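Biologist: Please present the model under discussion, so that its architecture may be examined by question and answer.

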Amino acid sequence: WLKPFWLKTLRASLSVRGGSACPDCPPGSVPLHSRPRRPQRPRSAPALVGMDAALRAWQEEGPAYFADRELPDGQRPSAFWAPGLAAHSWWPAEPLAPLERRWREIRAEFEGLRRLAGPERVAGRGGATWTAYHLLEEGVWREDVCALCPLTAALLRSLPVCESALGYAYFSVLAPGAAVAPHHGASNAKLRGHLALKAGPDARIRVGGLARTWREGQALLFDDSFLHEVTNAGEGERVVLLVDLWHPDLTSEQVAGIARVFAPVPPKDAAVCENHAACVMARAPLMQAIAEQLPCAALGAAAAASARWRSVALDESLWRGRASREFGITDARHGSWRVAFREEATARFAAPRMSIQEAREAGVSVPLFKLVTLGDMGVGKTCFMRRLCANTFEPTVPTIGVDYVLRMVRCDGTDLRLMVWDFAGPERFRSLTTAYCRGAGAVALCYDCTDRRTFEPCGRWAQHLASHARPELVLCLVACKCDLSARREVSRAEGQDFADSLSSGLPFGRVEFAETSSLTGAGVERVAVKAVRRWMSTLTAEELGRQVRPAAVKGARRGCVIS
């Protein structure tokens with residue numbers, strides 16, 4: 001019942017219907033849903049009569065209006081789909097010929113701009129980054145930047161640039177080793193052009209399954225509503241001038257209609273609205289409240305299409321609240337709550353296709369992954385096991401001997417039976433670990449970060465494992481009770497340094513390190529996900545198949561046979 005309220009409030013906050021708190025502000029635009037999934041079967045839908053009907057449908061339903069329509073394979077715009085336009089992933093680059101003829105002068109202007117203006121940094125894969133220097137942002141010309149690049153700005157303005165909230169023009173710098181993940185652009189009503197200013201042979205772009213490389217001084221033109229990605233595997237940076245042009249099949253009336261619906265948002269100091277900044281600030285709490293409830297995919301789609309929503313999505317207070325509420329995270333990793341939320345969200349098991357009982361009844365064999373927890377008495381091994389397998393927390397009594405819990409999980413598309421063993425901490429039970437660790441896929445070596453006496457014996461536990469376990473074992477150093485920060489005796493840096501020293505001195509390769517809280521659940525599942533992924537990466541499909549036991553035959557009798 002909340003969904004209609006979210007959509008209505010979101011439309012009102014973005015002035016999609018023109019009912020802005022400030023009547024002088026032109027209506028904004030942003031996708032109201034995450035990108036709609038393509039239906040498995042094509043469903044009949046009434047034909048859209050012209051572009052006006054499509055724009056009216058978008059204003060009423062947002063991107064959901066084309067969810068049930070058959071689009072060309074690979075084409076899935078995130079905001080607006082314009083009917084009746086030719087759909088090709090790659091287009092001839094003749095419209096960009098004026099830029100190609102002056103590319104050396106454009107590159108010289110970029111170098112000057114780079115020395116004077118600061119870029120907008122965007123995170124890429126592998127810790128690398130790509131940066132942008134905007135001349136046109138969401139249909140609004142950045143006059144301060146254009147003044148530093150007069151020739152480039154004049155050449156761009158001579159082209160049919162998409163001067164709407166869907167359009168951009170900027171210098172894009174992709175660092176060595178960086179990559180832009182596969183994604184879809186906002187609309188098929190525009191084409192995206194790249195003029196290569198610096199490019200090596202190992203930088204390439206893939207659009208609709210077809211890959212091409214850049215050559216300095218040459219332009220590429222493509223439809224970015226098709227799935228596309230960019231990689232730079234070379235040693236030098238890749239620099240292109242990016243610009244969005246109107247689709248050549250659009251008439252002047254259709255261009256005007258789209259530009260009217262997706263009108264650019266003026267800057268805060270624009271003369272058309274003296275109260276524009278006050279209007280934006282007044283909407284900020286409402287947008288923040290909506291962002292707290294939106295799924296991450298919907299928030300990401302909105303941030304990709306609107307500067308206002310991007311500023312909300314980059315607000316650290318938003319991710320601090322979501323990280324604490326959804327994952328129990330109590331500290332920001334790498335100085336960013338957004339990074340902490342992303343790392344925790346990607347380190348989670350998916351729901352399995354069936355339960356252990358259903359797999360047994362169906363006669364399905366599922367690979368078994370054994371995770372053994374070791375450490376001194378009272379460090380929190382039992383609470384760690386129960387949080388991981390049952391997502392519960394309750395004070396426990398010390399374990400006597402050995403205990404285990406079994407849980408069905410799904411990791412990277414593979415169903416697994418996760419068996420977690422909990423061993424007692426006292427020295428007299430250490431002999432039990434030898435036999436159990438031989439067949440284990442991973443060992444979580446636990447200590448209490450509020451008690452240094454439990455941290456010091458970890459070296460002895462590790463040497464014990466090196467003598468009795470297989471070298472393929474995944475070893476994890478786990479700090480428990482990290483929620484008790486006021487009582488901490490072992491810092492995170494000290495734990496990480498110790499894990500690094502174990503990595504170089506033991507036969508297990510890299511030792512994973514994590515801080516966890518069984519009380520809040522922070523980091524607990526991350527340990528198991530890392531261990532499972534490391535374990536699966538070392539096995540072939542055939543070896544993974546050997547990790548199963550023959551499935552029980554339904555109705556078979558069990559017991560001893562004496563002959």
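The exchange below moves from the whole chain to single elements and residues.

Modeller: This is a predicted model, in which local features need pLDDT of at least 70 and side-chain atom pairs count only at pLDDT 80 or more, while totals for chains, interfaces and linings use all residues. Residues are numbered from 1 along each chain as its sequence is written, and side-chain values use heavy atoms, with hydrogens and water left out.

Biologist: How many helices and strands are there in the protein?

Modeller: Helices (H or I, at least four residues) and strands (E, at least two) are DSSP runs, numbered from the N terminus. On that basis the protein has 20 helices and 18 strands.

Biologist: What share of the residues is buried?

Modeller: Buried means under 20% relative accessible area, exposed over 50%, and partly exposed in between (1.4 Å probe, protein chains only). Of the 563 residues in the protein, the buried share is 51%.

Biologist: In what order do the six strands of the open sheet lie?

Modeller: Two strands pair if DSSP finds at least two bridges between them. The pairing in this sheet is mixed, and the edge strands β14 (402–411) and β18 (512–515) each pair on one side only. Neighbouring strands are turned by 25 degrees against each other on average, direction ignored. The order is β14-β15-β13-β16-β17-β18.

Biologist: Which residue is the bridge partner of Thr373 in β16?

Modeller: Strand β13 (residues 368–374) pairs with strand β16 (residues 442–448) in the parallel sense over four bridges. In β16, the partner of Thr373 is Ala444.

Biologist: At what angle does α19 run to β17?

Modeller: Axes are lines fitted to C-alpha atoms, for helices over the stretch in contact, and angles run from 0 to 180 degrees between N-to-C directions. Helix α19 lies across β13, β14, β15, β16, β17 and β18. Its direction relative to β17 is about 175 degrees.

Biologist: Is Ala528 buried or exposed?

Modeller: Ala528 is placed in helix α19 (residues 524–537). Contact means heavy atoms within 4.5 Å; not counting residues up to four places away in sequence, Ala528 touches Phe349 and Leu388. The C-alpha atoms of Ala528 and Leu388, 140 residues apart along the chain, are separated by 8.1 Å. Because its relative accessibility is 0%, Ala528 counts as buried.

Biologist: Which residue stands opposite Trp91 in β10?

Modeller: Strand β10 (residues 219–222) pairs in the antiparallel sense with β1 (residues 90–91) over two bridges. It also pairs in the antiparallel sense with β7 (residues 190–198) over four bridges, where Leu195 has Ala219 as its bridge partner. Ala219 and Leu221 point one way from β10, Leu220 and Phe222 the other way, and all are buried. Opposite Trp91 stands Leu221.

Biologist: Why is α4 described as oblique to α6?

Modeller: Angles under 35 degrees count as roughly parallel, over 145 as roughly antiparallel, 65 to 115 as roughly perpendicular and the rest as oblique. The axes of α4 (residues 103–116) and α6 (residues 150–157) come within 8 Å and cross at roughly 125 degrees. That crossing angle therefore makes α4, relative to α6, oblique.

Biologist: Which residues of α6 make the contact with α4?

Modeller: From α4, the contact is made by Glu105, Ile106 and Glu109. The residues of the contact divide into four nonpolar, one polar and two charged; Ala, Val, Leu, Ile, Met, Phe, Trp, Tyr, Cys and Pro count as nonpolar, Asp, Glu, Lys and Arg as charged, and the others, Gly among them, as polar. The residues contributed by α6 are Pro150, Leu151, Thr152 and Leu155.
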